[in-house]
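Welcome! Please take a moment to turn the model around on your screen, and then we will walk through it together.

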Amino acid sequence: MVLETIAFALIGLAVGFAALMLLPEYFPAARSLTVATAVVAALLGGVISHYALGDQLPALALLFSAVTSVLLVSVLARPDLLPGTGRHRHA
């Protein structure tokens, strides 16, 4: 379980940094918030899927960890704040 936990954390780091590198304009919040959200989401999704699936399917637990991390990081994305889209919120 220790190696899987490390793998979950590495998946979260990869998702967080990939989101920041590929789409930096979508994440106006602090970079640390995006990466921390990705890591926590990957750990949470991985641990829950590990306990739900048991020890038989560790690859599926890693997949669920990655999917959970991507989904929760996408919640932080703010495409409405992009310049030139004409979809800015007015106060």
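Leaving aside its neighbours within four places in sequence, which residues is S69 in contact with? The answer is G12, V15, A38, A41 and A42. Keep in mind that you are looking at a predicted model.

**The overall picture**

Let us step back before returning to S69. The protein chain has three helices and zero strands, so its elements read α-α-α when you start from the N terminus. Along the principal axes, the C-alpha atoms fill a box of roughly 50 × 20 × 20 Å. The chain counts 91 residues, and 27% of them are buried. About 5,800 Å² of surface is exposed, with carbon and sulfur atoms supplying 74% of that area. You can also look at the charges: the mean positions of the 4 positive and 4 negative ones lie 19 Å apart.

How do distant parts of the sequence meet? Among contacts between residues at least 6 apart in sequence, 62% join residues at least 24 apart.

**The nonpolar core**

In soluble globular proteins, nonpolar side chains tend to be buried together. Here, the largest nonpolar core has nine residues: I11, V15, A19, L20, F27, V35, A38, V39 and V73. Helix 1 (2–22) and helix 2 (31–53) each give at least two residues to this core. Helix 1 provides the largest share, with four residues.

V15 is one of the core residues. Beyond its neighbours within four places in sequence, V15 touches A38, S69, V70 and V73.

**Back to S69, and on to A52**

S69 sits in helix 3 (residues 58–76). A polar atom of the S69 side chain lies 3.0 Å from the backbone oxygen of A38. A52, in turn, belongs to helix 2. Is each of these two residues buried or exposed? The table gives the answer.

| Residue | Relative accessible area | Status |
|---|---|---|
| S69 | 0% | buried |
| A52 | 65% | exposed |

Why does S69 count as buried? The cut-off for buried is under 20% relative accessible area, and S69 has 0%, so S69 falls in that class. Exposed means over 50%, and A52 reaches 65%, so A52 counts as exposed.

A38 appears once more when we ask where A52 lies. A52 and A38 are 14 residues apart along the chain, and their C-alpha atoms are separated by 21 Å. A38, for its part, belongs to the nonpolar core and is in contact with S69.

How values were computed. Residues are numbered from 1 along each chain as its sequence is written. This is a predicted model: local features need pLDDT of at least 70, side-chain atom pairs count only at pLDDT 80 or more; totals for chains, interfaces and linings use all residues. Side-chain values use heavy atoms; hydrogens and water are left out. A nonpolar core is a set of buried Ala, Val, Leu, Ile, Met, Phe, Trp, Tyr and Cys residues joined through side-chain atoms within 4.5 Å. Buried means under 20% relative accessible area, exposed over 50%, partly exposed in between (1.4 Å probe, protein chains only). Contact means heavy atoms within 4.5 Å. Accessible areas come from the Shrake-Rupley method with a 1.4 Å probe; for residues, only the protein chains shown count as cover. Lys and Arg count as positive and Asp and Glu as negative; His and the chain ends are not counted. The place of a charge is taken as NZ of Lys, CZ of Arg, CG of Asp or CD of Glu. A polar contact is a pair of N or O atoms within 3.5 Å; within protein, one must be able to donate a hydrogen and the other to accept it, and residues adjacent in sequence count only if both atoms are side-chain atoms.
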